[in-house]
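This report describes side-chain pairing and helix packing in one protein model. Please consult the sequence and the structure while reading.

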Amino acid sequence: KAILPKYDEIHNLITLFDKFKTFLLDKFNVSPPKWFENIIIAFDEFDPGGLTFRYGVKINKDEMLIDLIHIKKLMNWFAESIHKIQHELSKTKNE
């Protein structure tokens with residue numbers, strides 16, 4: 001949401017990601033890599049309403065295995081990507 005110029009109070013990750021892809025294509029003529037999209041899809045499949053990680057809502061799954069080291073690595077890549085986009089946007093605003 002921090003990257004998108006306008007957004008409604010949308011919490012659906014797939015909808016937001018679609019808007020994000022369109023924004024990247026329009027602004028930079030690029031598409032996000034597949035690993036980037038896979039992160040969004042994985043979080044959406046795990047928590048479609050976006051409530052579990054924000055409010056600690058009970059998860060309707062009996063058991064899950066999570067590789068926290070892998071998630072940390074992917075989230076660092078994700079964060080670096082967002083920071084690079086924000087940096088590029090700030091450069092274009094100053095031109």
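A salt bridge is a side-chain nitrogen of Lys or Arg within 4 Å of a carboxyl oxygen of Asp or Glu. The model is predicted, so that local features need pLDDT of at least 70 and side-chain atom pairs count only at pLDDT 80 or more, whereas totals for chains, interfaces and linings use all residues. Residues are numbered from 1 along each chain as its sequence is written, and side-chain values use heavy atoms, with hydrogens and water left out.

**Salt bridges**

Side chains of opposite charge can pair when their charged atoms come close. Searching the whole structure yields three salt bridges, which are listed below.

| Pair | Closest N to O distance |
|---|---|
| Asp18 and Lys21 | 3.6 Å |
| Glu37 and Lys21 | 3.9 Å |
| Lys91 and Glu88 | 3.3 Å |

Helices (H or I, at least four residues) are DSSP runs, numbered from the N terminus. Asp18 and Lys21 are both part of helix 1 (residues 13–28), where three residues, about one turn of the helix, separate them. In the salt bridge of Glu37 with Lys21, Glu37 belongs to helix 2 (residues 34–46) and Lys21 to helix 1, so this pair ties together parts that are 16 residues apart in sequence. Asp18, Lys21 and Glu37 are thereby linked in a network of salt bridges.

Accessibility is classed by relative accessible area: buried is under 20%, exposed is over 50%, and partly exposed is in between (1.4 Å probe, protein chains only). Asp18 counts as partly exposed because its relative accessibility is 38%, and Lys21 counts as partly exposed at 27%.

The pair of Lys91 and Glu88 lies in helix 4 (residues 68–94), again with a spacing of three residues, about one turn of the helix. Lys91 is partly exposed at 38% relative accessibility, and Glu88 is partly exposed with a relative accessible area of 31%.

**Aromatic pairs**

A pair of aromatic rings is described by the distance of the centres and the angle of the planes. Rings of Phe, Tyr and Trp (its six-membered ring) pair if their centres lie within 6.5 Å; planes under 30 degrees apart count as stacked, over 60 as edge-to-face and the rest as tilted. Six aromatic pairs are present in the structure. One of them is the stacked pair of Phe20 and Phe36, with 5.6 Å centre to centre and 10° between the planes. Phe20 is in helix 1 and Phe36 in helix 2, so that the pair links distant parts of the chain, 16 residues apart. Phe20 and Phe36 are both buried.

Trp35 and Trp77 form an edge-to-face pair because their ring centres are 5.4 Å apart and their planes stand at 70°. Trp35 lies in helix 2 and Trp77 in helix 4, so the pair ties together parts that are 42 residues apart in sequence. Trp35 is partly exposed at 28% relative accessibility, and Trp77 is partly exposed with a relative accessible area of 38%. Ring pairs join Phe17, Phe20, Trp35, Phe36, Trp77 and Phe78 into a cluster.

**Packing of helix 1 and helix 2**

Helix 1 and helix 2 pack with their axes 9 Å apart and at an angle of about 160°. Helix 1 is therefore roughly antiparallel to helix 2 (angles over 145 degrees count as roughly antiparallel, under 35 as roughly parallel, 65 to 115 as roughly perpendicular and the rest as oblique). Axes are lines fitted to C-alpha atoms, for helices over the stretch in contact, and angles run from 0 to 180 degrees between N-to-C directions.

Contact means heavy atoms within 4.5 Å. Leu13, Ile14, Phe17, Phe20 and Lys21 in helix 1 meet Phe36, Glu37, Ile40, Ile41, Phe43 and Asp44 in helix 2.

How values were computed: Helix = DSSP H or I, 4+ residues; strand = E, 2+ residues; numbered from the N terminus.
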